[in-house]
Structures are given as C-alpha cells and as structure tokens.
Amino acid sequence: MITLEEALKLSSEDIKNFKKELAVKINKNKEIGAYIEQFTNEPINESGDGVPIAIKDNIQVKNWSITCASKILQGYVAPYNATVIDKILKSGLSPFGRTNMDEFAMGNTTESSFYGKTLNPLDCSRVPGGSSGGSAAAVGAGLAIAALGSDTGGSVRQPAALCGCVGFKPSYGRVSRYGLAAYSSSLDQIGPITQNVKDAAILYDIIAGYDPKDSTSANLEHISTSDKLNSDKKFTICVIENYLKEADEDTQKALNLSINKLKEAGHNIVYRNFVNSKYDVATYYIIATAEASANLSRYDGVRYGNRADCDSLSDMYIKTRSDGFGDEVKRRILLGAFVLSSGYYDAYYVKAQKARAYIKKEYEDIFKTADLVYLPVTPKVAPKFGDLCDPLTSYLSDIYTIGVNLAGLPAISLPVGKNADNLSISAQIVGKAYDEQSVLDGAYSLEKIIRG
C-alpha cells in the first residue's frame, strides 16, 4: 500500500486508477468487515479525484448514510459535511467509504456494531480493538491509505495498536468536533490512523485548526508539524514504571527493548509511577456515561432515525430506544442516568470531576521535568473474540489510554514489536497540551529506531 505522503504526489489519473484497484481489493477482503459501505456518493475534490481516505461511521459526510453503527439511526442521511471533511476535500483528499465501529463509539472491540463485528487483519480470530476498529482494520489490512477515527478513551490509539498501525489523538480542541456524533463531549477528539508517523502528521495538519462552529475548539494558531518532523531531537522521556509492570510479559519485553534503544539513541530516560492509576477507569466511566446519557437523549424517535409504531408518545419513546439501542449503549445510558440522578450526583459525578483534575495535575507534575511520557497502549496483545465478554474486564482494558483523554493531552501509539504469534505490540507517547510537535517528533524518532 502506498503511503499518504506518496499518494499526495500522484496525478488525478493515477489516483483514479488506484481507487479502482483499491475497490477490487476491498471487495476481495469483505470478510474482515472493515467497511460498512464504500464509494456511495463519493465527494469529489474541486481539482479532480482526491486521495481516498476511510471515514468512521460517526463523522458526517454530506449525502452519506451516517449511522454510528446503530439500528436507531438507520435511514439517516447527513445533510452537511463535518469540518474535517471540508478540510480534507480542500487538501486533495476524498472520503472513500464509512468504516465499522462500536455502536455510538461505546466499546473497545467493534463487536457492538449493528452491522456485525470487524476482524483483526493480523489474526481473524482476534478483535481489531475499538471503537475505531473498522478504520484501524482497513489501514492494517491495506484496504485504506489512511483513515479518520474518533478517540474518547483510546478509540484511535488502541485499535491502531492492535492492528499494527499508527494512531494519533491530538490535544482536546485541536481538531474540530463539528459534525462528529457526540458520545462524551468533553472527551471526544477526531484523529488519524495511518501507516506511519509521517502520514499521521500530514493528515493531522490537514484536519487541525480553530473552528468557530465548534464551541470547544481551541482558538490557537495551527503551525504545521509534518514539514518540521525531526527524528534527531533528543527528549527527556518519563516511563510510567508501574503501568509497564502491570502489562503482560510480551508487552514488557517489547517496550523495555524499545526503551533501551531510545537510551542508546541519546534520549534521557527517567522513571515515575502514577500514584492513583486505579481511579482512572472509574473516573472515566462516570464522566463518559453521564455525558453519553445526555447526548443520546436526542435519539427518541421524533427527530432522528427510526421510529417505532406505537399508540402513545411515551410508548414511542420507550419502544424506539429499546429496539434501537444495543446492550452496551443501554448499559452506559443507564449508568450515566444513575450517576446524574438526585442523591448520587455529588457522590459520583462531582467526585469524578475532582478526580479528573487530580489526574490532569499528575501529568502536569511529570511534565515539569520531562518532555514526554512513555507507557503501554494495552496490557496485552489483541484478545480473541469472547475474551472480553464481561463488561468490567472490557472496561479495565482501557487503563492505559483513558487518562490522556481526561487530561486533554496529545498522544500517539505506534508499533514497537511483535509476539510469537506475530501480533502487534505498541507503545504510547504522551505530550504536553498543544505540543503535538514534540509527540510526533518523539514517535518519529522511535519509529526510525525500531525500523532501523
């Protein structure tokens, strides 16, 4: 598969031919389930055919069906483009198909999709991660040059890690959320999934920037990163030692080997522990489900998607939501409604917001003496389907990624090794808020070291 950097240099005619070849390849690999739908009303760039980019099914593309992989949104057609779609169209790219995902981005295996599960291209008996599993599987299988996903608690970084790709989550507010179906508004962030770090920087530069249509957009000047990538820059990198020790043996071995290579390359390595790491998961799921409960209240059969046939308004609400939402979405709506309810708001939601401030401060304290933070993405390689059937076990597998979203920081995952079964093992690099350049430079340096 050609890289995004290479594809942007192709002529319009070459891109047209490449798209035909890609369509054939996708049709031959339908069993992976990376795409929900391809090439429907494909928007064309003003200058001709655009470089094809896969789009997660929760990002609005005008005249496309956008369903968040949910039954409740079947039949909904986007009336406008998300800001990121307008940006890629202006930059010589073109949306090429919508990718599978966990329903409303709630999950980490892509099994909760209304359309069925997506398979990991490295081993079809294993999950591709989630919720952007379709986007990661498309890139990992060579069915997309690059893809857009959304990251609420690791949903770009984790599937990219499990499928052997690069996943980049920018700082909260760096990329407009206008046109992204909201799961948890204070945590969601659109990010690229690519074949390498340079492509991640290129796609990030295309979609980043202030957007007045998004009230959470950071009103900061965007300075391009891809043309300033520097693999020779030296950093003080803080390894989160207790996170590393909690990972399985294969992950520890691969990450320790990469840490030694970073030392040999001249980076300064220091070690710290996260004191209260066990609170990250509880904090995240209280805040995320509370916001999800509010955001998904709009799907009531009146304004969006499917409507159940009933004799009364109250019955319509109940039946529409009961039939339209899957089990995981219902579980999170109920949990969110509970933590926001009278008598429990102070006990759970307020405490979670205080814990969030503490988690953010813990990162800030580390960044007083270090440039970057280094930790695993997942505790182990991609699990087999069915291994995470218990919701609590599934939630705990997000322990290494969710703190970054709670703190609003930029982070990237990239492959650093493989286990005996040829499954990908990735590392995660986290930076200071709005310091995407250092995160990308650090990842670029590590990628160069690993690839030799």
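Select Ser-155, which sits in the loop between β4 (147-151) and α5 (157-163) of this predicted model. Its relative accessibility is 7%, so Ser-155 counts as buried, the cut-off for buried being under 20%.

Next, show what surrounds Ser-155. Leaving aside residues up to four places away in sequence, Ser-155 touches Lys-56, Gly-107, Gly-130, Ser-131, Ser-132 and Ser-150. Zoom in on Ser-131 from that list: its backbone nitrogen lies 3.1 Å from a polar atom of the Ser-155 side chain.

Now add Lys-56 to the selection. Which strand holds Lys-56? Lys-56 is in β2, which covers residues 51-56. Is Lys-56 buried or exposed? Lys-56 counts as buried, because its relative accessibility is 0%.

Display the contacts of Lys-56 in turn. With residues up to four places away in sequence not counted, Lys-56 touches Ser-131, Ser-132, Ser-135, Ser-150 and Ser-155 among the serines. The other residues that Lys-56 touches are Thr-99, Met-101, Ala-105, Leu-148 and Gly-149.

Finally, keep three residues on screen: Lys-56, Ser-131 and Ser-155. The UniProt annotation "active site", from an unreviewed entry, covers these residues. They span 100 residues in sequence, but no two of their C-alpha atoms are more than 11.1 Å apart, so the set gathers at one spot. From this set, Ser-155 is part of the lining of the largest cavity.

Notes: Residues numbered from 1 in each chain as written. Predicted model: local features only at pLDDT ≥ 70, side-chain atom pairs only at ≥ 80, totals over all residues. Heavy atoms only, no water. UniProt positions renumbered as here; feature names shortened; annotations may be inferred. 1 Å grid on protein atoms, 1.4 Å probe; cavity = no way out; pocket = protein on both sides within 12 Å on 5 of 7 lines; lining within 4 Å. Helix = DSSP H or I, 4+ residues; strand = E, 2+ residues; numbered from the N terminus. Buried < 20%, exposed > 50% of the residue type's maximum accessible area, 1.4 Å probe, protein only. Contact = heavy atoms within 4.5 Å. Polar contact = N/O pair within 3.5 Å; in protein donor to acceptor, adjacent residues only side chain to side chain.
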